[in-house]
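Please open the model in your viewer and keep the selection panel at hand, since each stop of this tour begins with something to select.

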Amino acid sequence: MATEKTVSLSAEAGAIAARVGSLRDFLTFLGEHEQCVRWPDPVMPEPDIRNISVAAGNNVATGPAVIFDQIRGYPGKRVAVNVHGSFGNLALLLGLPKTTPVRDLFFEIIRRWGSDKPLLERVPPEQAPVNENRIDKNINLYDLLPLYRINANDGGFYIAKACVVSRDPLEPDNFGKQNVGIYRIQVMGPDTFTLLSIPAHDMGRQMLMAEQHGKPLKVSVMIGNHPAMPMFAATPVGYDESEFAYASQMMGAALRLTTAVNGTDILADTEMVIEGELQLNQREVEGPFGEFPGSYSGVRKVPLFRVTGVSHRNNPIFENIYIGKGWTEHDTLIGLNTSAPIYAQLKKDFPEVAAVNALYQHGLTGIISVRNRFSGFAKSVAMRALGTPHGTMYLKNLILVDENVDPFDLNQVMWALSTRTRANDIIVIPNMPMVPIDPAAEVPGKGHRLIIDATSFMAPDNLGADPHLVDRPMGPAIDALMQRLNELQKGHA
Amino acid sequence: MKVICPRCESPGVTQMHAGMEDGKVLWRVWHCKDCAYTWRDSEPAESVDPKMRPAWAQMKGVDFDSLRQVIPPARKPT
């Protein structure tokens, strides 16, 4: 249940939250801090955009966002990449110096975590910038967007950083159950696309529901968003919690919402919205796609959507992401927001947990620092982590270190692995659920989990080590008493 | 020359868009109706030349109906 608790922001963070209302605002702001570059030369869609995106993302600390506005064959069109591609850019969004250590960014997000007052402002559709242009007929996504191939062997051109809004097909009026998530979208025909989700995701649940009950599922694909939206849309919040509300709470500033033609809520200042409808039970060949584990996903049959309309701002920016073999913008974008909910969920039951670093490939590896309350305690914490919503699918390798080991400092983590691990402190749990695109799975969707307890040794508590057994009364005297009770019960005494 | 799909080598391909520069076509985007591959004819050979593409990425002769479903349909499409 939401309360009135709001995040307290520093003067710098408050000023930034107040002035950044859209992707455009953020790019301008990043530019003032030498964190946004306009690429000065003409580029070919392939391979130039891919290569420059990788180069920008290679500097994990302070790599810049890059804007392309001279894309050959796409006159007047613009692409932005690497907007969340460095921790420096994330620090600036949170009102911190761009050299802020990753550990401090983690604790800033944790500090904001408890605020839960939705800060949402309604904008009439006729006043929303996203509605400056509307296309209802002769829709051709290949013409509207400067699409390009992200990795050389992708099956097509992907929209890979859009925030997709959808209503619960059975409760379309429930705002909280409206989902916002990032899913990979492959453009198919001029007005069709596939959207990949899995049953474990909110969108996957909604697609299953729609087809099971024969109900329409309408989506709005928001491209080029307020920087808080992609950052927090990928955070695993509860099914009936609104990602819009959550993103606004974390920013401590209002997000401007308006209503799309198809009835979903959308950001009023988003660059482009593609409205689509699930084609019930229809599938199209999708993939492969260079995914976050650094390998191509397979080719599968995936639900198909038809575009019903497109709205966009004047001179829209196609914000996209480079994703593939890490480190990539994908890792920076979602790493801290993958770590934070695991920490918050563990902390509720185990206050001894000091920090969680699940930055690596969406949490396929996680490092938890914890103070052992008693011998073997860290292993119990690991088991609890595997039972968190994200841990259920993603936390494959877990490393437990002491509370005085910084899980964000890999040299310290290696020290703990070198000096604190005993071979029999390693646990393998076979045949657990696994992300289907993890190439280490035994079969897609199923594989083994690894827990390495690299915390310091602790003597087991000695309760039970020296038991003094209770003498249980027994023998003929007790037998006689039982006989007596039996007779009393039957009234023979 | 007849355009075929670089991935499944089907002739069933459709032009989706053409990129213009100085009034001339700079590149064309094609889409295959069989395997759904999409490509631009200006791309490096590793993406658009069947001889240069990795063997694992080719789909000639694949039965597309037998591909795995991530979300199985509830019933046959109407």
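Why can helix α9 (residues 243–251) of chain A be described as largely enclosed by the rest of the structure? Select that helix in this predicted model: nine of its nine residues are buried, so α9(A) is largely enclosed by the rest of the structure. The buried residues run from A:E243 and A:F244 at one end to A:M250 and A:M251 at the other, and they include A:Y246 and A:Q249. At the start of α9(A), show the side chain of A:S242, of which an oxygen reaches to within 3.2 Å of the backbone nitrogen of A:F244, and then move to A:G252, which just after the helix takes a positive phi of about 70°.

Next, turn to chain B and select strands β1 (residues 13–21) and β2 (residues 24–32), which run antiparallel and are joined by eight bridges. Two residues lie between these strands in their hairpin, and in the turn B:D22 has a positive phi of about 55°. Now add strand β3 (residues 38–40) of chain B, which pairs with β2(B) in the antiparallel sense over three bridges; here five residues separate the strands of the hairpin, and B:A36 takes a positive phi near 70°.

Centre the view on B:W30 in β2(B), which stands opposite B:Q15 and also opposite B:W39 in β3(B). Both B:W30 and B:W39 help to line the second largest pocket, together with residues that include B:M1, B:D41 and B:P50. This pocket has a volume of about 250 Å³, and its lining comprises nine nonpolar, three charged and no polar residues.

Definitions and conventions:
Residues numbered from 1 in each chain as written. Chains lettered and ligands numbered in written order. Predicted model: local features only at pLDDT ≥ 70, side-chain atom pairs only at ≥ 80, totals over all residues. Heavy atoms only, no water. 1 Å grid on protein atoms, 1.4 Å probe; cavity = no way out; pocket = protein on both sides within 12 Å on 5 of 7 lines; lining within 4 Å. Points joined across faces, edges and corners; volume = space filled by probe spheres on them. Nonpolar A, V, L, I, M, F, W, Y, C, P; charged D, E, K, R; others polar. Buried < 20%, exposed > 50% of the residue type's maximum accessible area, 1.4 Å probe, protein only. Helix = DSSP H or I, 4+ residues; strand = E, 2+ residues; numbered from the N terminus. Polar contact = N/O pair within 3.5 Å; in protein donor to acceptor, adjacent residues only side chain to side chain. Pairing = 2+ DSSP bridges.
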